[in-house]
Amino acid sequence: MSEADGLRQRRPLRPQVVTDDGQAPEAKDGSSFSGRVFRVTFLMLAVSLTVPLLGAVMLLDSPIDPQPLSFKEPPFLLGVLQPNTKLRQVERLFENQLIGPESIANIGDVMFTGTADGRVVKLENGEIETIARFGSGPCKTRDDEPACGRPLGVRAGPNGTLFVADAYKGLFEVNPWKREVKLLLSSDTPIEGKKMSFVNDLTITRDGRKIYFTDSSSKWQRRDYLLLVMEGTDDGRLLEYDTVTKEVKVLLDQLRFPNGIQLSPAEDFVLVAETTMARIRRVYVSGLMKGGADLFVENMPGFPDNIRPSSAGGYWVAMSSIRPSPGFSMLDFLAERPYIKKMIFKLFSQETVMKFVPRYSLVLELSDSGAFRRSLHDPDGLVATHRGINPILHLLLPGLPLHQILSRIRCQLGHPQPELES
């Protein structure tokens with residue numbers, strides 16, 4: 001054996017290095033190919049499922065045909081609008097005993113309200129007494145409302161009687177002491193060729209002769225108020241009823257969800273909350289400006305519901321839902337995107353959509369000129385609703401006596417109608 005052969009035998013074996021020119025690229029190319037096949041297969045499967053689903057959704061009917069609406073940027077919640085927790089300074093009255101109390105009226109120290117189970121009740125000395133029903137039926141769910149009735153606006157008249165607006169039945173006068181009920185104007189009566197599908201709130205003159213009231217829509221009923229808001233239907237009206245001549249006049253039409261209403265102290269104009277448009281209209285009913293109308297306040301920080309006088313000479317307004325600023329307002333966002341609204345209601349029920357409405361309670365006090373005077377907040381919506389059953393809330397705040405309690409402290413528009421107990 002030569003010396004060179006010996007050196008080769010003693011030399012340690014070097015590990016074999018696999019380069020890119022070896023077997024590895026084949027494995028790599030095979031793995032990459034398999035990955036591409038998987039991705040393409042997955043994509044084709046997703047498309048094959050999505051396209052028919054979208055096609056099916058497009059074929060579904062939407063219950064609404066919304067038109068685009070335009071809003072200004074909502075006012076910042078600063079100054080007198082600064083968020084606070086003042087609405088939590090309340091005393092709960094008749095908690096867990098009333099379902100959905102809406103408007104509140106008083107005669108002396110006795111309060112009256114209408115409830116979601118179709119009753120008008122008297123509240124006195126801690127006791128609840130039913131004094132009137134305008135409908136009949138089980139009154140257990142929202143779908144029972146047309147037969148059961150739903151008393152909304154309630155006002156005390158000059159002769160110790162109550163005037164009540166029922167969303168489905170019309171206008172009534174109720175003697176709470178004798179439990180006598182008198183139908184003044186049926187919802188079945190067409191007014192200038194249009195039916196009244198959603199009689200809402202009312203206000204009356206001091207002599208009891210004139211009743212001004214809102215019919216929120218000739219198309220949508222109260223149980224479909226969310227569809228009314230989302231569609232932006234402009235078929236609401238402000239009307240006048242003369243209790244002597246029985247004549248009915250349309251004072252203003254083409255309103256988008258006219259809601260709460262309040263006669264001025266001088267009885268020269270009425271204020272009408274136009275909920276969908278986040279504003280309050282002023283309509284002159286006497287004096288030199290009779291027949292005219294203008295905006296009392298616009299671009300409110302929420303969507304106004306009921307209006308009632310304040311002890312300071314202004315007005316309390318309960319917001320049904322807020323327009324956060326800074327923040328994101330879903331209703332403002334959807335206003336200019338009707339195609340999204342249609343898609344939402346093709347896929348989801350009103351009850352499902354309502355779960356996404358912010359639970360924020362807000363009440364504003366306006367001056368007699370419409371300026372924001374102060375605001376009462378409950379940012380978490382804890383006070384105004386409680387397990388779906390509304391208590392009457394008495395605000396323990398200076399300058400707000402019981403007889404001027406807000407007609408609708410429950411400020412969350414659109415909380416879904418609770419299942420009612422029989």
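# Working through a predicted fold

Start with one pair of neighbours: Phe-112 sits opposite Lys-122, a residue of S4. Keep in mind that you're looking at a predicted model. The exercises below go from the whole chain to single residues.

**Exercise 1. Find how many helices and strands the protein chain has, and what share of its residues is buried.**

Solution. Begin with the secondary structure: the protein chain has 7 helices and 22 strands. Next, look at burial: of the 422 residues, 52% are buried. Then turn to the outside, where about 20,600 Å² is exposed, with 55% of that coming from carbon and sulfur atoms. Finally, take the contacts between residues at least 6 apart in sequence: 57% of them join residues at least 24 apart.

**Exercise 2. Work out the strand order of the open sheet of 4 strands, and say which strands sit at its edges.**

Solution. Walk across the sheet and you meet S2-S3-S4-S5, paired antiparallel. The edges are S2 (104-107) and S5 (127-133), since each of these pairs on one side only. From one strand to the next, the twist averages 25°.

Now go pair by pair. S3 (residues 110-114) meets S4 (residues 119-124) over 4 bridges, in the antiparallel sense. That's where the opening pair belongs, with Phe-112 facing Lys-122 in S4. S4 and S5 also run antiparallel, joined by 6 bridges, and here Arg-119 stands opposite Arg-133 of S5. What lies between S4 and S5? Just 2 residues, so to speak the turn of a hairpin, and Asn-125 in that turn has a positive phi of about 55°.

**Exercise 3. Decide whether Cys-148 is buried or exposed, and list what it touches.**

Solution. First, place the residue: Cys-148 is in helix H3 (residues 145-148). Second, check the cut-off: buried means under 20% relative accessible area. Cys-148 comes in at 3%, so it's buried. Third, list its contacts, leaving out residues up to four places away in sequence: Asp-117, Gly-118, Phe-134, Gly-135, Ser-136 and Cys-139. There's also a link back to the sheet's residues: the C-alpha atoms of Cys-148 and Arg-133 are 8.2 Å apart, with their positions 15 residues apart along the chain.

**Exercise 4. Trace which parts of the chain are tied together by the salt bridge of Arg-142 and Glu-351.**

Solution. The structure holds 23 salt bridges. In this one, the side chains of Arg-142 and Glu-351 meet at 2.2 Å, N to O. Arg-142 belongs to the loop between S5 and H3 and Glu-351 to helix H7, so the bridge ties together parts 209 residues apart in sequence. Arg-142 counts as buried, at 12% relative accessibility, while Glu-351 is partly exposed at 33%.

Now try Asp-143, which forms a salt bridge with Arg-223, their closest N and O atoms lying 3.8 Å apart. Asp-143 is in the loop between S5 and H3, and Arg-223 is 80 residues away, in the loop between strand S11 (210-215) and helix H4 (225-231). Asp-143 counts as exposed at 56% relative accessibility.

**Exercise 5. Name the residues of the nonpolar surface patch.**

Solution. The patch consists of Leu-60, Leu-347 and Phe-348, which together have about 280 Å² of accessible area. Leu-60 is in the loop between helix H2 (24-59) and strand S1 (90-93), and it's partly exposed at 40% relative accessibility.

Methods: Residues numbered from 1 in each chain as written. Predicted model: local features only at pLDDT ≥ 70, side-chain atom pairs only at ≥ 80, totals over all residues. Heavy atoms only, no water. Pairing = 2+ DSSP bridges. Axes fitted to C-alpha atoms, helices over the stretch in contact; angles between N-to-C directions. Patch = residues over 30% accessible without salt bridge, like charges linked within 9 Å, V, L, I, M, F, W, Y side chains within 5 Å. Areas by Shrake-Rupley, 256 points an atom, 1.4 Å probe, with all protein chains shown as cover. Salt bridge = Lys/Arg side-chain N within 4 Å of Asp/Glu carboxyl O. Buried < 20%, exposed > 50% of the residue type's maximum accessible area, 1.4 Å probe, protein only. Contact = heavy atoms within 4.5 Å.
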